[in-house]
Amino acid sequence: RPQLEYFNGIGGFAEEGSEYVIALGAGQSPPAPWINVIANPGFGFQVSAEGSGFTWSVNSREHQLTPWSNDPVSDRPGEVIYLREEDSGELWCPTALPIRDDLGVYVARHGWGCSRFEHETSGIRSELLVYVPVSDPIKIARLKLRNNSDRARRLSVTAFVEWVLGASRAVSAPFVSTEIDASGAMFARNPWNAAFAGRVAFLDLAGRQTRWTGDRREFIGRNGSLSDPAGLAGTTGLSGAVGAGLD
C-alpha cells in the first residue's frame, strides 16, 4: 500500500495531490462508488475505484455506449477485462470487479485524464491504464502484465462490453446489431436511434483477437453472472455469433 496524504483508511492523495489513490484490502470497498470522469469535448467515460463505469459519445445521457448504473451503493460493471490462465482455467480481473481476490490488494489511482489499476494474483502482476486522447473519440485501455512466478504462464485476455447505443439498454437492446470488420474489430450499430443512427461503436484488442461472440447470453450464461461467465468456463471458446436479435 503506498504512502498517502490525508489517508482515511481507504484512500488518500499522492504525487503532490495530482492523484487520488484508493487501496482496497480484504473485504474493503468504498462507501459509495468513487469515480473519475475522463473526457474530451465529444467523448468520455467514468470509471470507479473498483473498475466499473460507462462510456458515452457526444451526449452522456442520450448516447451511452455502455450502461450507466444509477445506483448509489452497488457498482455494477458494464465493461470488463478478464485474465485467464489457459492451463488451469483460473479466471481473474485486473480490477476489483467483477471477480474479487480477497487475498490481494487492489490499488486504483485516479489522476488528471487517466485512471490506473494495479493488482497481483497468482504471481501475475497487472497494471491497467485507461484514458481518452485529447481529440479522438476512443477509450484506450493499456494492460501490462508481469510474470513474478517461477514458471512459464499461458494467459488469455478477454474484453466484455454490454452495448447500449442509446439512453437506455432496456429500450435499445432489441435493435443493436454487431458484425466483425475485416480488421477483426467488432462493430456495433443501433439504426433505430434516430439522432445517432449513422454512428458505429467498436471494440478491438489491437487486432489480435481470435474468438468472439455478439451474444451476451452465450457469454454470461443463462442465469449466470459476470463474476463467473459461461463463455470462459470451458475450453470450447466463443461461437463467433454476431448479428441482430441477440441478447
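This is a short talk on the pockets, salt bridges and a few chosen residues of one protein chain.

Hi everyone, thanks for coming. Before I start, please keep in mind that this is a predicted model, and that every value I quote is computed from it.

Let's begin with an open site, the second largest pocket. Its volume is about 170 Å³. Fifteen is a fair number of names to read aloud, so I'll just say that 15 residues line this pocket, and that Pro-33, Ile-35, Gln-46, Ser-69 and Asp-75 are the ones nearest its centre. Which strands help to build the lining, with at least two residues each? They are strand E4, residues 43–48, and strand E5, residues 53–57. In character, the lining splits into 6 nonpolar, 6 polar and 3 charged residues.

Now on to two residues that touch each other, Trp-34 and His-110. Trp-34 sits in the loop that runs between strand E2 (19–24) and strand E3 (35–40). Is Trp-34 buried, partly exposed or exposed? Its relative accessibility is 23%, so Trp-34 counts as partly exposed. Setting aside residues up to four places away in sequence, Trp-34 touches Asn-8, Ile-10 and Gly-11, among others, and also Val-47, Ser-48 and Ala-49. As for Gln-46, from the pocket we just left, its C-alpha is 10.0 Å from that of Trp-34, and the two are 12 residues apart in sequence.

His-110 belongs to strand E8, residues 106–111. With a relative accessible area of 9%, His-110 is buried, because the cut-off for buried is under 20%. What does the side chain of His-110 make a polar contact with? The partner is the side chain of Ser-115, at 2.8 Å. The residues that His-110 touches, again leaving out those up to four places away, include Ser-18, Glu-19, Tyr-20 and Ile-22, then Trp-34, Ile-35 and Asn-36, and also Val-47, Ser-48 and Ala-49. You may recognise Ile-35 there as one of the residues nearest the centre of the second largest pocket.

Strand E8 comes back in the next feature, which is closed. How many cavities of 30 Å³ or more are there? The count is 1, and the largest cavity has a volume of about 30 Å³. Its lining is made of Ala-49, Pro-94, Thr-95, Ala-96, Tyr-106, Val-107, Ala-108, Phe-117 and Glu-118. E8 and strand E9 (114–121) are the elements that give two or more residues to that lining, and E8 has the largest share, with 3 residues. By type, the lining of the largest cavity comes to 7 nonpolar, 1 polar and 1 charged. Ala-49, one of these lining residues, is also among the residues touched by His-110.

Let's turn to the salt bridges. The count comes to 17, and I'll pick three. In one, Arg-61 pairs with Glu-62, and their closest N and O atoms are 2.2 Å apart. Arg-61 is exposed at 54% relative accessibility, whereas Glu-62 is partly exposed at 34%.

Another salt bridge joins Asp-87 and Arg-154, with 3.0 Å between the closest N and O atoms. Asp-87 lies in the loop between strand E6 (79–85) and strand E7 (91–92), and Arg-154 in the loop between strand E11 (140–147) and strand E12 (155–161), so this pair ties together parts 67 residues apart in sequence. Asp-87 counts as exposed at 57%, and Arg-154 as partly exposed at 47%.

My last pick is Asp-247 with Arg-169, at 3.3 Å between the closest N and O atoms. This one links distant parts of the chain, as Asp-247 is in the segment after helix H2 (216–220) and Arg-169 is in helix H1 (169–172), 78 residues apart. Both are partly exposed, Asp-247 at 35% and Arg-169 at 23%. What else shares their network of salt bridges? Arg-76, Glu-162 and Arg-216 are linked in it too.

One more residue before we finish, Thr-213. You'll find Thr-213 in the loop between strand E15 (201–203) and H2. Thr-213 is buried, at 14% relative accessibility. Its side chain reaches the backbone nitrogen of Asp-215 at 3.1 Å, and a 2.7 Å polar contact joins it to the side chain of Glu-218. Beyond its neighbours within four places in sequence, Thr-213 is in contact with residues including Met-186, Phe-219 and Leu-238.

That's all from me, thank you!

Terms used
Residues are numbered from 1 along each chain as its sequence is written. This is a predicted model: local features need pLDDT of at least 70, side-chain atom pairs count only at pLDDT 80 or more; totals for chains, interfaces and linings use all residues. Side-chain values use heavy atoms; hydrogens and water are left out. On a 1 Å grid over the protein atoms alone, a cavity is a set of points where a 1.4 Å probe fits but cannot get out, and a pocket is an open set with protein on both sides within 12 Å along at least five of seven lines; lining residues have an atom within 4 Å of a point. Grid points are joined across faces, edges and corners, and a volume is the space filled by probe spheres set on the points. Helices (H or I, at least four residues) and strands (E, at least two) are DSSP runs, numbered from the N terminus. Ala, Val, Leu, Ile, Met, Phe, Trp, Tyr, Cys and Pro count as nonpolar, Asp, Glu, Lys and Arg as charged, and the others, Gly among them, as polar. Buried means under 20% relative accessible area, exposed over 50%, partly exposed in between (1.4 Å probe, protein chains only). A polar contact is a pair of N or O atoms within 3.5 Å; within protein, one must be able to donate a hydrogen and the other to accept it, and residues adjacent in sequence count only if both atoms are side-chain atoms. Contact means heavy atoms within 4.5 Å. A salt bridge is a side-chain nitrogen of Lys or Arg within 4 Å of a carboxyl oxygen of Asp or Glu.
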